[in-house]
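Reader: I am new to this structure and would like to be guided through it. Could we begin with the basics?
Author: Certainly; please have the sequence and the structure in view.

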Amino acid sequence: MNSEHQKPYTRPSWDEYFMEVCRSIAKRATCDRGRSGCVIARDHQILVTGYVGSPQGLPHCDEVGHQFKKMQHEDGTITQHCVRTVHAEQNAICQAARRGISIDGATLYCKMTPCRTCAMLIINCGITRVVAEKKYHDSADTVAMFAQAGVTLEHVVDEVQHYSNQ
């Protein structure tokens, strides 16, 4: 194909750029149930990143297997959650705290809608916008809390993230 018929290069938007970085960060994750990554950015600059994995010095799922807990929901459904790991969002927030980096007013990029606990941390950190690639299967509490706290939540794709042993 000659250059006359090639489409001109389209530079990614900031959201596309940070989401692509988020996907790369996720490759370091040590739990195969989501392999999630997180990027926190402000003013077009990456402030911190995080990925899902066990606390420092503790064994990882990829090494010793998952540590499952069952959760019964108000509608009677039961889901399984691996509790061996720290979520990508939590790890990114911890990195900001350890390094003295303010994330107030920042945007957080992640693989799926943050869980309820992550949502509470996000609100208290002053993060004002969350961009998730997909929806999380149990995100009603997060959606409601973000709306009440004034945190903007956007999804890149309007579908639920599925993973093994959900």
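Author: One term is needed before the strands are discussed: two strands pair if DSSP finds at least two bridges between them. Please also keep in mind that this is a predicted model.

Reader: Thank you. In which sense do strand S1 and strand S5 pair, and over how many bridges?
Author: Strand S1, residues 37-42, and strand S5, residues 107-112, are antiparallel partners, with four bridges between them. Within this pairing, Ala41 stands opposite Thr107 of S5.

Reader: What is the order of the strands in the open sheet?
Author: The order is S2-S1-S5-S6-S7, five strands in an open sheet with mixed pairing.

Reader: And which are the edge strands?
Author: Strand S2 (45-51) and strand S7 (152-155) are the edge strands, each pairing on one side only. From one strand to the next, the twist averages 20 degrees.

Reader: Which strands does helix H3 lie across?
Author: Helix H3, residues 88-99, lies across S1, S2 and S5, and runs at about 125 degrees to S2.

Reader: Could we take one residue from that helix? Is Ile93 buried or exposed?
Author: Ile93, which is in helix H3, has a relative accessible area of 12%. Ile93 is therefore buried, as the limit for that class is under 20%.

Reader: Which residues does Ile93 touch, leaving out those up to four places away in sequence?
Author: Ile93 touches Ile40, Ile103, Leu121, Ile122 and Cys125. By contrast, the C-alpha atoms of Ile93 and Gly76 are separated by 32 Å, with the two residues 17 apart along the chain.

Reader: Where does Gly76 sit, then?
Author: Gly76 belongs to the hairpin of S3 and S4, which has five residues between the strands, and Gly76 takes a positive phi near 95 degrees there. Strand S3 (residues 68-72) and S4 run antiparallel and are joined by five bridges. One of the residues involved is Gln72, whose bridge partner in S4 is Ile78.

Reader: What follows strand S4 on the way to H3, and where does Thr85 lie?
Author: A loop lies between strand S4 (78-82) and H3, and Thr85 is in that loop. Thr85 counts as buried, at 11% relative accessibility. Apart from residues up to four places away in sequence, Thr85 touches Cys31, Val52, Gly53, Ser54 and Cys61.

Reader: A change of topic: how many salt bridges does a search of the whole structure find?
Author: The search finds eight salt bridges. Among them is the one where the side chains of Asp15 and Arg129 meet, at 2.5 Å from N to O. Asp15 lies in helix H1 and Arg129 in strand S6 (residues 129-134), so this pair ties together parts that are 114 residues apart in sequence.

Reader: What is the salt-bridge partner of Glu133?
Author: The partner of Glu133 is Arg23, with the closest N and O atoms 2.9 Å apart. Because Glu133 is in strand S6 and Arg23 in helix H1, the pair ties together parts 110 residues apart in sequence. Glu133 is buried, with a relative accessible area of 17%, whereas Arg23 is partly exposed at 33%.

Reader: Going back to Arg129, which network joins Asp15, Arg129 and Glu154?
Author: Arg129 also forms a salt bridge with Glu154, the closest N and O atoms being 2.9 Å apart. Arg129 is in strand S6 and Glu154 in strand S7, so the pair ties together parts that are 25 residues apart in sequence. Salt bridges that share partners thus join Asp15, Arg129 and Glu154 into one network.

Reader: What about the surface: which residues make the nonpolar patch?
Author: Trp14, Tyr17 and Ile46 make a nonpolar surface patch of about 280 Å². Trp14 is in helix H1 (residues 14-26) and is partly exposed, with a relative accessible area of 37%.

Reader: One last matter: where is Asp43 found?
Author: Asp43 is found in the loop between S1 and S2. Its phi is near 55 degrees, a positive value in a residue other than glycine. Asp43 is exposed, with a relative accessible area of 63%. His44 is also placed in the loop between S1 and S2, and has a positive phi of about 65 degrees although it is not a glycine. His44 is partly exposed, with a relative accessible area of 42%.

Methods
Residues are numbered from 1 along each chain as its sequence is written. This is a predicted model: local features need pLDDT of at least 70, side-chain atom pairs count only at pLDDT 80 or more; totals for chains, interfaces and linings use all residues. Side-chain values use heavy atoms; hydrogens and water are left out. Helices (H or I, at least four residues) and strands (E, at least two) are DSSP runs, numbered from the N terminus. Axes are lines fitted to C-alpha atoms, for helices over the stretch in contact, and angles run from 0 to 180 degrees between N-to-C directions. Contact means heavy atoms within 4.5 Å. Patches are made of residues with over 30% relative accessible area and no salt bridge: like charges are joined within 9 Å, nonpolar side chains (Val, Leu, Ile, Met, Phe, Trp, Tyr) within 5 Å. Accessible areas come from the Shrake-Rupley method with a 1.4 Å probe; for residues, only the protein chains shown count as cover. A salt bridge is a side-chain nitrogen of Lys or Arg within 4 Å of a carboxyl oxygen of Asp or Glu. Buried means under 20% relative accessible area, exposed over 50%, partly exposed in between (1.4 Å probe, protein chains only).
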